[in-house]
Structure formats: C-alpha cells, structure tokens
Amino acid sequence: MSITSKPFGQTPDGKQVDIFTLTNKNGLVAQITNFGGIVTSLSVPDRDGKMADVVLGFDDLDGYVNEHPYFGALIGRIGNRVAKGKFTLEGKEYTLAINNGPNHLHGGLKGYDKVVWKAQPIETADGPSLRLMYVSPDGEEGYPGTLTCGVTYTLTNDNTLKIEYDAVTDKATPINLTQHSYFNLAGHNSGDILSHEAMINADNFTPTDETLIPTGEIWAVEGTPMDFRTFAEIGARIDSSYEQIKFGGGYDHNWVLNNKDGKLALAASFYEKTSGRLMEVLTTEPGVQFYVGNFLDGSNVGKGGAVYNYRNGFCAEAQHFPDSPNQPGFPTTILQPGQTYKQTTAYRFSIK
Ligand code: GLA
C-alpha cells in the first residue's frame, strides 16, 4: 500500500497542482488531484481479477480547468440547484450566480471543483489517505461566511473509497458538499450504463419542476419508474411518458434515503453483470442525487481519447436535498458558527 505524488500542471492563474496515486493492499488504485479534489481514475478488479478504470475523466489538467460536467469533482458550497440563485438567511437575501437555466448549480461559476485545495498525503492503518483543505472566503460566489473545509479521501484495504467531509464557518451559511464522480462499472470507455442494475434504499423521492427544482413535496416511489427498492436495470423504465423522467431528461433526481439517523448506512448499490463489479454507496446523508449522464453528448473527449456519449456514466451524489435553503420542509443545510459540518460517503467495491 502506498501514496505517491507528482506534478499535474499549473492552473491558468499560475498555481502548481499535483496528482496523488493511492494504492491499497489489494492493488486498487485511485488517482486524485488537489485541483477541485477530483478523482481522476479509480481502478478496480472484475470477477477475473482484471482491473479497469471505472470513472470518467481526462488525462490532463487542462480537461478539468476547461468547462466540463464536473467529472470526479468535489462540489460546494452547495451541491445541486438553488432556485433562481436566491435564498434568504436570518432576514438577509443572498444572490448567487445563475449558471443552469434560471437556477444556480453546484456552487456557481467557480465552485470547489475549480479551486486548488491544500493537500497532505497520510498513510493510515486503513489504507492510503489524502487530506484536502480549502478556505472559502466570506462572500465567495455570493455565499456568507468564511468556510474552512476539509475532505479526507481514503482508499481502504477493504476496497472502499471513503470520503469524509468536515467544515466550520464564522457566519451562518448553507452548505451541501458532495462528490460528482461518474461511474461506468464496465470501464470508463464502455458505452452507456443502461444495462447496469441499480438499487436505491429509498421509499420516497423529491419531485421537481421542469427546471429540476424540487416542488417541496415528497412522493412515494411505489408504482413509478423511480422505484429502485429492489435491483432494476437503469434503462428498463426510462420513459418520458412519466413526467418526472421527462423533466430530468432521464433520472436526475434526489431520492429520500430510508436511513435518517445520520449514521453511515447503505444508500444504493450498482451492479454490472458482464464484469461482475458491484459498487455499494454508503452515506450519512439524507439524500442521493442519482443522475445518469443525460447531458453527456460526446463533446467531452476524455482519457485515452474516450468519447463520453449520452448516458455513458452515472453519478450517485450523496447530499442533502436540492434547493434546501428555500425549502423549509427539507432537512436543514444551515451551518452556524461553533458547529461542525460532517458527512461521510463511501463507495465500496466487490464482485458478485
Ligand atoms: C447534477 C445535476 C445534473 C447535472 C449534473 C452535471 O447531477 O443534478 O442535472 O447538472 O450534475 O452536468
């Protein structure tokens, strides 16, 4: 087991960026850059022990500096959408960038996916670990308060990519951090993910309007194409005669996880039968945004020249619910001075 680093290039404003290679005792390999805290590759075995890189991404820093759909990145200060880029907190209205139709998405024009994090490699008994730190100044992208964030990635010896987040603030602020890796368990360059099977441990989801802002209601998945309480093929029921699927252009929704006690629990599982790879997602968060790459259109040329087409990857973004700052009925995302934000999400790999 080891963690090594090498230079990954320079940002347009001249900051040096590194890429870290984490290898666990079973030979799984994760590569992570401190630009955006991006997981650039993740190699895991199939049922014959053959390794494949199961996350979409680019070969070099330029790919990540340029506009791209958040491949592998850490997302903050607020993951997903804020309606019309506005919210009111303690009597004051805040205005955020509108960067997705009429709404704010994934922290704004320069979110945590585009900043340089301070990196510290650590060897732990559980496996190689990378501690990332970022201090988001008061007012950055319109958000109140200086937010000091830490994210620790560990590639554990039981074949899990574990992500532990923590943050403190000096003023009340909304916060909803997440990780935006796109997975294809057959390998990042293996076409669409529609024949993967998915299970989501959720009886309910949050329906949205046509701009993907939650209506505030909580709907049962039962009897709808959103029902993944038992394993189902992702592609089997993507049918735009169901209005929610039409609005999302496919699955692009927040599932309300059954686990509500804030302890790490199974949120979702994904299985790819030709390789036998199984990925389980565990989280302390109340929601998971399951997004199936509906906006991928072949315009991103990634690692080894791979062209990422429509639905060639899926994301399982563990987080609080979208637009929480405007939804009094949703679990709060407000962090107060003196409190510590914490979340843990783990992607656990095995074969079946
Ligand atoms: C999230 C959103 C999607 C899309 C992707 C990035 O998953 O819910 O609608 O914005 O990020 O392309």
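**Questions about the ligand and the pockets**

Modeller: R81, H106, H180, D252 and E317 come nearest among the 14 residues around the ligand ("around" means a heavy atom within 4 Å of the ligand). This is a predicted model, in which local features need pLDDT of at least 70, side-chain atom pairs count only at pLDDT 80 or more, and totals for chains, interfaces and linings use all residues. Residues are numbered from 1 along each chain as its sequence is written, and side-chain values use heavy atoms, with hydrogens and water left out.

Biologist: How do you know that D252 makes a polar contact with the ligand?

Modeller: An N or O atom in the D252 side chain is 2.4 Å from a ligand oxygen. A polar contact is a pair of N or O atoms within 3.5 Å, so this pair counts. H180 has such a side-chain atom 2.7 Å from a ligand oxygen, and N80 has a polar side-chain atom 3.0 Å from one. The ligand taken alone exposes 300 Å², of which the protein buries 96% (Shrake-Rupley method, 1.4 Å probe).

Biologist: What makes the shell around the ligand 7 nonpolar, 4 polar and 3 charged?

Modeller: The sorting is by residue type: Ala, Val, Leu, Ile, Met, Phe, Trp, Tyr, Cys and Pro are nonpolar, Asp, Glu, Lys and Arg are charged, and the others, Gly among them, are polar. The lining of the largest pocket divides into 7 nonpolar, 10 polar and 7 charged residues.

Biologist: Where does the ligand sit?

Modeller: In the largest pocket; to sit there, more than half of its atoms must lie within 2 Å of the grid points. A pocket is an open set of points on a 1 Å grid over the protein atoms alone, where a 1.4 Å probe fits, with protein on both sides within 12 Å along at least five of seven lines; lining residues have an atom within 4 Å of a point. The largest pocket holds about 540 Å³ of space (the space filled by probe spheres set on the points). It has 24 lining residues, and E67, H68, P69, Y70 and L105 are closest to its centre.

Biologist: Why is the bond from G76 to R77 worth a remark?

Modeller: Most peptide bonds are trans. The one from G76 to R77 is cis, with omega near 5°. R77 lies in the loop between β6 (74-75) and β7 (81-82) (strands are DSSP runs of E, at least two residues).

Definitions and conventions:
A polar contact is a pair of N or O atoms within 3.5 Å; within protein, one must be able to donate a hydrogen and the other to accept it, and residues adjacent in sequence count only if both atoms are side-chain atoms. Helices (H or I, at least four residues) and strands (E, at least two) are DSSP runs, numbered from the N terminus.
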